[in-house]
Amino acid sequence: MDIRSDVLRKLKNRRDGYSLEQAFYIDPDHYKLDLETIWYRDWLFIGHDCEIPKAGNYFTVQVGDYPVVITRDRSGTVRALHNSCRHRGSRVCTQHKGSSAKLVCPYHQWTYELDGSLLFARHMAEDFDRTQHSLKRMHCETVGGYIFVCLADEAPDFAPFRALVEPYLTRHRLGETKVAFESTIIEKGNWKLVWENNRECYHCAANHPELCRTYPEAPSATGVQGAKDDPVIAEHWAKCEAAGLPSEFRMSPTGQFRAARMPLIQDAESYTMSGARAVARPLSSDVLESRIGTLLLFHYPTTWNHVLADHAITFRVLPLGPELTQVTTKWLVNKDAVEGVDYRLDELTHVWTETNDQDRRIVEENAFGIRSPAYQPGPYSPEDEGGVMQFVEWYANFMIERLDGAKRPLSRVA
């Protein structure tokens, strides 16, 4: 049986409410199919437009086998280019980030404009046509300060995601922020384990003492269906909506992306040990209200986010191998906020630096146990792991649709 048929059979016959079979978390062929079916065909969060504020700014990233460079061209347009020279394939931009008037391949100095068009190639034949050898472009969209790319020849419609999240993000003006700090960790576990761990707080009380000082571990805090029945959440949504801040839980019909503004514990304003704001200067001059909680924004398979009144924390997930996942976290603050004056970096980053490391250990122990020949899928907690069940259902439905064209309605909202 070929791998596509094998995966399709397993997903169609999987037991609802249980974790996936072992191969989905460790097998190289299953991982390769994930890349081909999801990562190379869908929209992926890649970074923020505030990271490339001026023409010539760029940053690079690796998505599976694809090296990618994100640039801002002379017209101010954000571009996503395949970072592979059209001469003999060398990487053109080799640094993580930088600034350059032109993109010059270090191998033979083929020179490209910031939009990818080829400007110069030495000693080529007389009939050489520069216009046919530009850097290959990929689909690129920006919304609310976020940059998304798609590697496929034909990209899915981006409009539904834009329509859902733009109202939530507009007043936060993340395009006018800056990255105060960035960290990248490597977790020795499959990318789906990273997401499953993120989608529940069943583990929080025993594992995240810093986060639990401000973030409620109640299942409804993640924006699940029925959260409006929680009087604390209902009151929070009503207050924020009255202030012009869209807050109520909304999710795409497929379950791939969603947003909700959730309250923090008691009077907490930010993710700090005291609950006080980490940054004195508001993240946006358009959001001056206090105690607005955290805007939770999710888009499978690459990003979850927390946007608060004083700063934002964004997370990017990228698969590196069947049992290896890169998680990059960025702390965004007002572009005019001054370190040492408006904020202390240790206070700003402490809670999520600790939480990320704790989650890394959790995922790695989870992955270690799954490798056991004795592993078999186990039941999720309906009360506490509805978000995990929703993620696994999204994954299964998404793969089934891509593999045989059969659409399945989403039964879980989380």
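These legends go with a few close-up views of a predicted model.

**View 1. The disulfide between Cys 201 and Cys 204.** Here's the bond itself: the sulfur atoms of Cys 201 and Cys 204 sit 1.9 Å apart. The structure holds 1 disulfide, and this is the pair that makes it. Twist-wise, the torsion about the S-S bond comes out at about -105°, so the disulfide is left-handed.

**View 2. How much cover Cys 201 and Cys 204 get.** Both ends of the bond are tucked away. Cys 201 has a relative accessibility of 8% and counts as buried. Cys 204 is buried too, with a relative accessible area of 2%. The cut-off behind both calls is under 20% relative accessible area.

**View 3. Cys 140, a cysteine without a partner.** For Cys 140, the closest cysteine sulfur belongs to Cys 150, and it is 11 Å away, which is too far for a bond; a disulfide would need the two sulfurs within 2.5 Å. Cys 140 is partly exposed, at 23% relative accessible area.

**View 4. Cys 240, a buried cysteine.** With a relative accessibility of just 1%, Cys 240 counts as buried.

**View 5. A nonpolar patch on the surface.** Three residues make up this one: Ile 186, Leu 320 and Leu 324, which together have about 210 Å² of accessible area. Ile 186 comes from strand β11, spanning residues 177–187. Its relative accessible area is 36%, so Ile 186 is partly exposed.

Key: Residues numbered from 1 in each chain as written. Predicted model: local features only at pLDDT ≥ 70, side-chain atom pairs only at ≥ 80, totals over all residues. Heavy atoms only, no water. Buried < 20%, exposed > 50% of the residue type's maximum accessible area, 1.4 Å probe, protein only. Patch = residues over 30% accessible without salt bridge, like charges linked within 9 Å, V, L, I, M, F, W, Y side chains within 5 Å. Areas by Shrake-Rupley, 256 points an atom, 1.4 Å probe, with all protein chains shown as cover. Salt bridge = Lys/Arg side-chain N within 4 Å of Asp/Glu carboxyl O. Helix = DSSP H or I, 4+ residues; strand = E, 2+ residues; numbered from the N terminus.
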